[in-house]
Amino acid sequence: MENILVTGGCGFIGSNFIRFLLARDDFSGRIVNVDKLTYAGNAENLDGIAARYPNRYIFEQADICDPTAMGEIFRVNDVDAVCHFAAESHVDRSIVGPDAFIQTNINGTFNLLEQARARGDRLVLFHHVSTDEVYGSLGPEGRFRETTPYRPNSPYSASKAGSDHLVRAYHHTYGLPVTVSNCSNNYGPYQFPEKLIPLVILNALEAKPLPVYGDGTNVRDWLHVEDHCRAVWAIMQKGKRGRTYNIGGDCEKRNIEVVTEICAVLDRMSPVERPRRELITFVADRPGHDQRYAIDFSKIRDELAWAPRETFVSGLEKTVRWYLDNHDWVARVRSGEYQRWVDSHYG
Ligand code: NAD
Ligand code: DAU
(Lines give C-alpha, C1' and ligand atoms only; values in the text may rest on other atoms or scores of the structure.)
(Ligands and ions follow the chains in the order given, each with its own letter.)
Protein backbone atom coordinates (compact mmCIF):
# COMPACT_ATOMS: atom_id res chain seq x y z
CA MET A 1 0.00 0.00 0.00
CA GLU A 2 1.82 3.09 -1.28
CA ASN A 3 -0.98 5.50 -2.11
CA ILE A 4 -3.91 5.11 0.24
CA LEU A 5 -7.12 6.97 -0.54
CA VAL A 6 -8.84 7.80 2.75
CA THR A 7 -12.43 8.96 2.32
CA GLY A 8 -14.07 11.15 4.97
CA GLY A 9 -10.67 12.04 6.43
CA CYS A 10 -11.92 15.37 7.78
CA GLY A 11 -14.51 13.70 9.99
CA PHE A 12 -14.09 12.40 13.52
CA ILE A 13 -12.62 8.93 12.97
CA GLY A 14 -11.04 9.68 9.57
CA SER A 15 -9.00 12.59 10.94
CA ASN A 16 -7.84 10.52 13.91
CA PHE A 17 -6.89 7.72 11.50
CA ILE A 18 -4.82 9.99 9.23
CA ARG A 19 -2.90 11.43 12.20
CA PHE A 20 -2.38 7.90 13.55
CA LEU A 21 -1.18 6.42 10.25
CA LEU A 22 1.20 9.20 9.24
CA ALA A 23 2.94 8.93 12.62
CA ARG A 24 3.59 5.20 12.32
CA ASP A 25 6.91 3.54 11.44
CA ASP A 26 5.27 0.76 9.45
CA PHE A 27 3.73 3.04 6.82
CA SER A 28 5.91 5.22 4.60
CA GLY A 29 3.47 5.83 1.75
CA ARG A 30 1.13 8.70 0.83
CA ILE A 31 -2.39 9.51 1.95
CA VAL A 32 -4.92 11.16 -0.32
CA ASN A 33 -7.77 12.47 1.82
CA VAL A 34 -11.03 12.94 -0.08
CA ASP A 35 -13.76 14.75 1.80
CA LYS A 36 -16.80 16.71 0.68
CA LEU A 37 -16.67 18.81 3.87
CA THR A 38 -20.28 18.39 4.86
CA TYR A 39 -21.41 19.93 8.16
CA ALA A 40 -19.54 17.04 9.88
CA GLY A 41 -16.29 17.44 7.97
CA ASN A 42 -13.80 19.94 9.28
CA ALA A 43 -10.51 20.50 7.47
CA GLU A 44 -9.21 22.13 10.65
CA ASN A 45 -9.13 18.65 12.21
CA LEU A 46 -5.97 18.08 10.15
CA ASP A 47 -4.50 21.54 10.58
CA GLY A 48 -0.71 21.38 10.21
CA ILE A 49 -0.65 17.90 8.69
CA ALA A 50 0.03 19.02 5.09
CA ALA A 51 2.93 21.17 6.33
CA ARG A 52 4.36 18.40 8.52
CA TYR A 53 4.12 15.74 5.80
CA PRO A 54 4.47 17.76 2.55
CA ASN A 55 5.21 14.75 0.33
CA ARG A 56 2.97 12.28 2.07
CA TYR A 57 -0.41 13.97 2.51
CA ILE A 58 -2.79 15.71 0.16
CA PHE A 59 -6.36 16.87 0.56
CA GLU A 60 -8.96 16.84 -2.20
CA GLN A 61 -12.36 18.35 -1.57
CA ALA A 62 -14.72 16.11 -3.56
CA ASP A 63 -17.94 14.12 -3.30
CA ILE A 64 -17.47 10.34 -3.33
CA CYS A 65 -20.68 10.15 -5.40
CA ASP A 66 -19.05 12.07 -8.28
CA PRO A 67 -17.66 9.51 -10.79
CA THR A 68 -15.65 12.04 -12.81
CA ALA A 69 -13.94 13.63 -9.82
CA MET A 70 -13.26 10.31 -8.14
CA GLY A 71 -11.98 8.69 -11.35
CA GLU A 72 -9.50 11.54 -11.77
CA ILE A 73 -8.35 11.33 -8.13
CA PHE A 74 -7.75 7.57 -8.39
CA ARG A 75 -5.81 7.98 -11.64
CA VAL A 76 -3.70 11.05 -10.86
CA ASN A 77 -2.68 9.70 -7.45
CA ASP A 78 -2.12 6.12 -8.64
CA VAL A 79 -4.34 4.90 -5.78
CA ASP A 80 -3.58 1.30 -4.77
CA ALA A 81 -5.60 1.07 -1.53
CA VAL A 82 -8.77 2.60 -0.12
CA CYS A 83 -9.85 3.11 3.47
CA HIS A 84 -13.47 4.20 3.24
CA PHE A 85 -14.81 6.21 6.19
CA ALA A 86 -16.95 8.81 4.37
CA ALA A 87 -20.59 8.56 5.36
CA GLU A 88 -23.54 10.36 6.77
CA SER A 89 -23.14 9.03 10.30
CA HIS A 90 -25.77 10.40 12.67
CA VAL A 91 -28.83 8.23 13.37
CA ASP A 92 -31.09 11.14 14.43
CA ARG A 93 -30.41 12.99 11.17
CA SER A 94 -31.20 9.84 9.18
CA ILE A 95 -34.64 9.75 10.81
CA VAL A 96 -35.35 13.36 9.87
CA GLY A 97 -33.80 13.26 6.37
CA PRO A 98 -32.76 9.88 4.99
CA ASP A 99 -31.96 11.04 1.42
CA ALA A 100 -28.35 12.06 1.99
CA PHE A 101 -27.74 8.72 3.74
CA ILE A 102 -28.88 6.75 0.72
CA GLN A 103 -26.85 8.97 -1.62
CA THR A 104 -23.54 8.97 0.23
CA ASN A 105 -23.61 5.66 2.06
CA ILE A 106 -24.99 3.50 -0.76
CA ASN A 107 -24.41 5.34 -4.05
CA GLY A 108 -21.11 6.82 -2.86
CA THR A 109 -19.80 3.40 -1.84
CA PHE A 110 -20.97 1.96 -5.16
CA ASN A 111 -19.09 4.68 -7.05
CA LEU A 112 -15.90 4.02 -5.06
CA LEU A 113 -16.18 0.28 -5.69
CA GLU A 114 -16.49 0.94 -9.42
CA GLN A 115 -13.44 3.21 -9.37
CA ALA A 116 -11.51 0.61 -7.40
CA ARG A 117 -12.52 -2.15 -9.80
CA ALA A 118 -11.34 -0.06 -12.75
CA ARG A 119 -7.83 -0.06 -11.22
CA GLY A 120 -7.54 -3.80 -11.92
CA ASP A 121 -4.52 -5.50 -10.31
CA ARG A 122 -3.09 -2.16 -9.19
CA LEU A 123 -5.71 -2.08 -6.41
CA VAL A 124 -4.50 -4.20 -3.50
CA LEU A 125 -7.14 -3.36 -0.88
CA PHE A 126 -10.55 -1.75 -0.41
CA HIS A 127 -11.20 -1.48 3.33
CA HIS A 128 -14.77 -0.56 4.21
CA VAL A 129 -15.46 0.97 7.64
CA SER A 130 -18.88 -0.03 8.90
CA THR A 131 -20.88 -0.20 12.08
CA ASP A 132 -22.31 -2.71 14.55
CA GLU A 133 -25.73 -1.08 13.99
CA VAL A 134 -26.24 -3.24 10.87
CA TYR A 135 -26.93 -6.19 13.20
CA GLY A 136 -29.94 -4.48 14.82
CA SER A 137 -30.78 -4.56 18.50
CA LEU A 138 -29.84 -7.13 21.16
CA GLY A 139 -31.88 -8.33 24.13
CA PRO A 140 -30.21 -8.56 27.54
CA GLU A 141 -27.98 -11.51 26.53
CA GLY A 142 -25.47 -12.25 23.75
CA ARG A 143 -23.16 -10.23 21.55
CA PHE A 144 -22.89 -9.48 17.83
CA ARG A 145 -20.65 -11.92 15.97
CA GLU A 146 -19.56 -11.64 12.33
CA THR A 147 -22.15 -14.31 11.57
CA THR A 148 -25.07 -12.46 13.21
CA PRO A 149 -27.79 -11.83 10.58
CA TYR A 150 -28.23 -8.23 9.46
CA ARG A 151 -31.36 -6.53 10.89
CA PRO A 152 -30.80 -2.76 10.50
CA ASN A 153 -33.46 -0.62 12.17
CA SER A 154 -32.76 3.00 11.15
CA PRO A 155 -32.27 4.60 7.72
CA TYR A 156 -28.64 5.12 8.76
CA SER A 157 -27.98 1.49 9.64
CA ALA A 158 -29.96 0.27 6.60
CA SER A 159 -27.81 2.42 4.33
CA LYS A 160 -24.62 1.11 5.98
CA ALA A 161 -25.94 -2.46 5.62
CA GLY A 162 -26.57 -1.80 1.91
CA SER A 163 -23.01 -0.58 1.48
CA ASP A 164 -21.61 -3.63 3.33
CA HIS A 165 -23.52 -5.93 0.97
CA LEU A 166 -22.15 -4.12 -2.09
CA VAL A 167 -18.58 -4.45 -0.80
CA ARG A 168 -19.09 -8.15 -0.15
CA ALA A 169 -20.62 -8.64 -3.62
CA TYR A 170 -17.67 -6.92 -5.34
CA HIS A 171 -15.33 -9.38 -3.67
CA HIS A 172 -17.48 -12.39 -4.51
CA THR A 173 -18.29 -11.39 -8.10
CA TYR A 174 -15.23 -9.47 -9.28
CA GLY A 175 -12.56 -10.69 -6.86
CA LEU A 176 -11.98 -7.16 -5.52
CA PRO A 177 -9.59 -7.48 -2.52
CA VAL A 178 -11.83 -6.17 0.26
CA THR A 179 -12.00 -6.18 4.05
CA VAL A 180 -14.89 -4.91 6.19
CA SER A 181 -14.95 -3.81 9.82
CA ASN A 182 -18.09 -3.39 11.94
CA CYS A 183 -17.30 -1.27 14.98
CA SER A 184 -19.18 -0.18 18.08
CA ASN A 185 -19.60 3.40 19.39
CA ASN A 186 -16.44 5.51 19.26
CA TYR A 187 -15.53 8.49 21.39
CA GLY A 188 -12.47 10.76 21.60
CA PRO A 189 -11.09 14.04 20.21
CA TYR A 190 -12.59 15.83 17.18
CA GLN A 191 -16.04 14.20 17.50
CA PHE A 192 -18.79 16.48 16.20
CA PRO A 193 -20.92 17.61 19.16
CA GLU A 194 -24.16 16.06 17.95
CA LYS A 195 -23.12 12.63 19.31
CA LEU A 196 -23.88 11.71 22.93
CA ILE A 197 -20.47 12.09 24.61
CA PRO A 198 -19.32 15.46 23.17
CA LEU A 199 -22.86 16.84 23.36
CA VAL A 200 -23.10 16.03 27.06
CA ILE A 201 -19.60 17.34 27.83
CA LEU A 202 -20.31 20.68 26.15
CA ASN A 203 -23.84 21.10 27.51
CA ALA A 204 -22.61 20.27 31.00
CA LEU A 205 -19.86 22.88 30.75
CA GLU A 206 -22.51 25.47 29.87
CA ALA A 207 -24.94 24.28 32.55
CA LYS A 208 -27.49 23.34 29.87
CA PRO A 209 -29.85 20.34 30.17
CA LEU A 210 -28.27 16.95 29.43
CA PRO A 211 -30.85 15.18 27.22
CA VAL A 212 -31.19 11.44 27.88
CA TYR A 213 -33.52 9.64 25.48
CA GLY A 214 -36.29 7.49 26.97
CA ASP A 215 -35.38 5.98 30.33
CA GLY A 216 -31.61 5.99 29.69
CA THR A 217 -31.30 2.20 29.86
CA ASN A 218 -30.16 1.73 26.24
CA VAL A 219 -26.74 0.13 26.14
CA ARG A 220 -23.79 0.93 23.85
CA ASP A 221 -20.33 -0.70 23.75
CA TRP A 222 -17.82 2.18 23.90
CA LEU A 223 -14.40 2.21 22.23
CA HIS A 224 -11.78 4.94 22.22
CA VAL A 225 -11.15 6.15 18.67
CA GLU A 226 -7.40 5.36 18.82
CA ASP A 227 -8.20 1.72 19.53
CA HIS A 228 -10.49 1.76 16.47
CA CYS A 229 -7.73 3.26 14.30
CA ARG A 230 -5.29 0.57 15.45
CA ALA A 231 -7.83 -2.12 14.61
CA VAL A 232 -8.49 -0.74 11.12
CA TRP A 233 -4.76 -0.61 10.39
CA ALA A 234 -4.27 -4.19 11.68
CA ILE A 235 -7.04 -5.38 9.35
CA MET A 236 -5.60 -3.45 6.39
CA GLN A 237 -2.18 -4.97 6.97
CA LYS A 238 -2.99 -8.52 8.03
CA GLY A 239 -6.72 -9.13 7.59
CA LYS A 240 -7.70 -11.89 5.21
CA ARG A 241 -9.18 -10.45 2.01
CA GLY A 242 -12.93 -11.05 1.78
CA ARG A 243 -13.31 -11.16 5.57
CA THR A 244 -15.34 -9.12 8.03
CA TYR A 245 -14.04 -8.22 11.50
CA ASN A 246 -16.09 -6.96 14.44
CA ILE A 247 -14.41 -4.32 16.63
CA GLY A 248 -15.63 -3.46 20.12
CA GLY A 249 -14.54 -2.11 23.46
CA ASP A 250 -15.77 -4.80 25.88
CA CYS A 251 -17.28 -1.76 27.54
CA GLU A 252 -21.06 -1.96 27.76
CA LYS A 253 -22.67 1.01 29.49
CA ARG A 254 -26.22 2.23 29.86
CA ASN A 255 -26.59 5.78 28.54
CA ILE A 256 -27.49 7.08 31.98
CA GLU A 257 -24.22 5.63 33.33
CA VAL A 258 -22.25 7.35 30.57
CA VAL A 259 -23.87 10.72 31.24
CA THR A 260 -23.43 10.38 35.01
CA GLU A 261 -19.77 9.43 34.56
CA ILE A 262 -19.15 12.46 32.31
CA CYS A 263 -20.68 14.70 35.01
CA ALA A 264 -18.42 13.15 37.65
CA VAL A 265 -15.28 13.60 35.52
CA LEU A 266 -16.20 17.23 34.77
CA ASP A 267 -16.96 17.96 38.43
CA ARG A 268 -13.44 16.71 39.30
CA MET A 269 -11.65 18.54 36.48
CA SER A 270 -13.64 21.76 36.48
CA PRO A 271 -15.50 22.06 39.79
CA VAL A 272 -18.74 24.05 40.09
CA GLU A 273 -21.11 24.67 43.01
CA ARG A 274 -23.83 22.14 42.17
CA PRO A 275 -23.13 18.61 40.87
CA ARG A 276 -23.67 18.54 37.12
CA ARG A 277 -25.75 15.35 37.29
CA GLU A 278 -28.61 17.66 38.36
CA LEU A 279 -28.70 18.83 34.72
CA ILE A 280 -29.79 15.38 33.48
CA THR A 281 -33.15 15.65 31.70
CA PHE A 282 -35.09 12.67 30.38
CA VAL A 283 -36.55 13.53 26.95
CA ALA A 284 -38.71 11.81 24.30
CA ASP A 285 -37.13 8.64 22.98
CA ARG A 286 -35.53 8.28 19.53
CA PRO A 287 -38.02 6.52 17.18
CA GLY A 288 -37.01 2.88 16.68
CA HIS A 289 -34.24 3.28 19.29
CA ASP A 290 -32.06 0.14 19.41
CA GLN A 291 -31.95 -1.15 22.97
CA ARG A 292 -28.53 -2.75 23.22
CA TYR A 293 -25.33 -3.22 21.21
CA ALA A 294 -22.45 -5.46 22.31
CA ILE A 295 -19.58 -6.78 20.24
CA ASP A 296 -17.85 -10.15 20.31
CA PHE A 297 -14.38 -9.23 19.01
CA SER A 298 -12.78 -12.66 19.47
CA LYS A 299 -12.11 -13.00 15.73
CA ILE A 300 -9.89 -9.92 15.42
CA ARG A 301 -8.31 -10.73 18.79
CA ASP A 302 -7.45 -14.31 17.78
CA GLU A 303 -6.50 -13.68 14.13
CA LEU A 304 -4.81 -10.27 14.36
CA ALA A 305 -3.84 -10.01 18.04
CA TRP A 306 -5.88 -6.83 18.51
CA ALA A 307 -7.54 -5.82 21.76
CA PRO A 308 -8.65 -2.44 23.12
CA ARG A 309 -6.05 -0.67 25.30
CA GLU A 310 -7.90 2.34 26.64
CA THR A 311 -10.22 1.93 29.63
CA PHE A 312 -13.45 3.91 29.68
CA VAL A 313 -12.35 5.97 32.67
CA SER A 314 -8.95 6.93 31.21
CA GLY A 315 -10.42 7.45 27.72
CA LEU A 316 -13.20 9.63 29.03
CA GLU A 317 -10.81 11.72 31.13
CA LYS A 318 -8.59 12.30 28.07
CA THR A 319 -11.63 13.19 25.98
CA VAL A 320 -13.02 15.63 28.53
CA ARG A 321 -9.56 17.22 28.81
CA TRP A 322 -9.42 17.59 25.01
CA TYR A 323 -12.78 19.40 24.89
CA LEU A 324 -11.75 21.62 27.81
CA ASP A 325 -8.52 22.53 26.02
CA ASN A 326 -10.08 23.08 22.60
CA HIS A 327 -12.92 25.51 23.19
CA ASP A 328 -11.88 27.51 20.10
CA TRP A 329 -12.41 24.42 17.93
CA VAL A 330 -15.76 23.85 19.62
CA ALA A 331 -16.85 27.45 19.11
CA ARG A 332 -15.90 27.38 15.43
CA VAL A 333 -17.59 24.02 14.78
CA ARG A 334 -20.75 25.17 16.49
CA SER A 335 -20.88 28.65 14.96
CA GLY A 336 -20.17 27.68 11.39
CA GLU A 337 -17.06 29.83 11.52
CA TYR A 338 -14.99 26.86 10.54
CA GLN A 339 -16.61 27.09 7.08
CA ARG A 340 -15.01 30.51 6.73
CA TRP A 341 -11.73 28.98 7.91
CA VAL A 342 -12.10 26.32 5.23
CA ASP A 343 -12.87 28.94 2.58
CA SER A 344 -9.81 30.96 3.52
CA HIS A 345 -7.58 27.89 3.36
CA TYR A 346 -9.04 26.13 0.34
CA GLY A 347 -10.59 28.98 -1.64
P1 NAD B 1 -18.33 11.85 10.72
O2 NAD B 1 -19.75 12.19 10.44
O3 NAD B 1 -17.63 12.52 11.84
O4 NAD B 1 -17.45 12.10 9.42
C5 NAD B 1 -17.89 11.74 8.13
C6 NAD B 1 -16.99 12.43 7.11
O7 NAD B 1 -17.41 12.03 5.80
C8 NAD B 1 -17.07 13.96 7.17
O9 NAD B 1 -15.78 14.52 7.12
C10 NAD B 1 -17.88 14.33 5.93
O11 NAD B 1 -17.56 15.60 5.39
C12 NAD B 1 -17.48 13.20 4.97
N13 NAD B 1 -18.48 12.97 3.93
C14 NAD B 1 -19.82 12.82 4.10
N15 NAD B 1 -20.41 12.66 2.90
C16 NAD B 1 -19.43 12.69 1.96
C17 NAD B 1 -19.42 12.56 0.55
N18 NAD B 1 -20.54 12.38 -0.16
N19 NAD B 1 -18.23 12.63 -0.09
C20 NAD B 1 -17.08 12.82 0.61
N21 NAD B 1 -17.04 12.97 1.93
C22 NAD B 1 -18.21 12.90 2.62
O23 NAD B 1 -18.32 10.26 10.88
P24 NAD B 1 -17.43 9.35 11.83
O25 NAD B 1 -18.09 9.25 13.15
O26 NAD B 1 -16.02 9.78 11.73
O27 NAD B 1 -17.62 7.94 11.10
C28 NAD B 1 -16.74 7.53 10.06
C29 NAD B 1 -17.17 6.16 9.55
O30 NAD B 1 -17.13 5.23 10.63
C31 NAD B 1 -18.60 6.11 9.02
O32 NAD B 1 -18.60 5.27 7.88
C33 NAD B 1 -19.41 5.49 10.14
O34 NAD B 1 -20.52 4.79 9.63
C35 NAD B 1 -18.38 4.57 10.75
N36 NAD B 1 -18.55 4.28 12.19
C37 NAD B 1 -18.67 5.30 13.09
C38 NAD B 1 -18.76 5.02 14.45
C39 NAD B 1 -18.88 6.11 15.48
O40 NAD B 1 -19.12 5.82 16.65
N41 NAD B 1 -18.70 7.38 15.14
C42 NAD B 1 -18.75 3.68 14.88
C43 NAD B 1 -18.65 2.66 13.93
C44 NAD B 1 -18.55 2.98 12.58
O1 DAU C 1 -22.69 1.79 17.15
C2 DAU C 1 -21.94 2.54 16.23
C3 DAU C 1 -22.66 3.82 15.90
O4 DAU C 1 -22.53 4.67 17.03
C5 DAU C 1 -22.13 4.51 14.66
O6 DAU C 1 -22.34 3.69 13.54
C7 DAU C 1 -22.81 5.87 14.43
O8 DAU C 1 -22.22 6.54 13.34
C9 DAU C 1 -22.65 6.70 15.71
O10 DAU C 1 -23.36 7.91 15.55
C11 DAU C 1 -23.15 5.93 16.92
O12 DAU C 1 -24.59 5.77 16.85
P13 DAU C 1 -25.51 5.98 18.15
O14 DAU C 1 -26.87 6.33 17.72
O15 DAU C 1 -25.36 4.83 19.10
O16 DAU C 1 -24.75 7.26 18.80
P17 DAU C 1 -25.29 8.59 19.49
O18 DAU C 1 -24.11 9.28 20.07
O19 DAU C 1 -26.20 9.37 18.60
O20 DAU C 1 -26.19 8.01 20.70
C21 DAU C 1 -25.63 7.15 21.67
C22 DAU C 1 -26.75 6.72 22.59
O23 DAU C 1 -27.17 7.86 23.36
C24 DAU C 1 -27.99 6.23 21.86
O25 DAU C 1 -28.59 5.20 22.63
C26 DAU C 1 -28.91 7.45 21.83
C27 DAU C 1 -28.55 8.18 23.12
N28 DAU C 1 -28.64 9.65 23.07
C29 DAU C 1 -28.05 10.33 22.05
C30 DAU C 1 -28.11 11.71 22.00
C31 DAU C 1 -27.48 12.45 20.84
C32 DAU C 1 -29.27 10.33 24.12
O33 DAU C 1 -29.79 9.70 25.07
N34 DAU C 1 -29.32 11.69 24.07
C35 DAU C 1 -28.76 12.40 23.04
O36 DAU C 1 -28.87 13.67 23.04
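In this predicted model, a polar backbone atom of Ile13 sits 2.8 Å from an oxygen atom of ligand 1. The backbone of Phe85 also supplies a polar atom, 2.9 Å from an oxygen atom of the ligand. On the nitrogen side, a nitrogen atom of ligand 1 lies 3.0 Å from a backbone N or O atom of Ile64. Taken alone, ligand 1 has 840 Å² of accessible area, and the protein covers 97% of that area.

Two or more residues of the surrounding shell come from each of helix H1 (12-22), strand E5 (125-131) and helix H6 (155-174). Strand E5 gives the largest share, 3 residues. There are 28 residues around ligand 1, and those that come nearest are Ile13, Asp35, Ser89, Tyr156 and Lys160. By character, the shell divides into 13 nonpolar, 11 polar and 4 charged residues.

A second site to follow is Tyr245, which belongs to strand E11 (residues 244-247). Tyr245 counts as buried because its relative accessibility is 0%, and the cut-off for buried is under 20%. Beyond its neighbours within four places in sequence, Tyr245 is in contact with residues including Glu146, Val180, Ser181, Asn182 and Ile235, and also with Lys299, Ile300 and Leu304.

Two of the contacts of Tyr245 can be described at the level of atoms. Its side chain makes a polar contact of 2.8 Å with the side chain of Glu303. A polar atom of the Tyr245 side chain also lies 2.9 Å from the backbone nitrogen of Lys240. Asp227 is 18 residues from Tyr245 along the chain, and the C-alpha atoms of these two residues are separated by 14 Å.

How values were computed. Residues numbered from 1 in each chain as written. Chains lettered and ligands numbered in written order. Predicted model: local features only at pLDDT ≥ 70, side-chain atom pairs only at ≥ 80, totals over all residues. Heavy atoms only, no water. Near = heavy atom within 4 Å. Polar contact = N/O pair within 3.5 Å; in protein donor to acceptor, adjacent residues only side chain to side chain. Areas by Shrake-Rupley, 256 points an atom, 1.4 Å probe, with all protein chains shown as cover. Helix = DSSP H or I, 4+ residues; strand = E, 2+ residues; numbered from the N terminus. Nonpolar A, V, L, I, M, F, W, Y, C, P; charged D, E, K, R; others polar. Buried < 20%, exposed > 50% of the residue type's maximum accessible area, 1.4 Å probe, protein only. Contact = heavy atoms within 4.5 Å.
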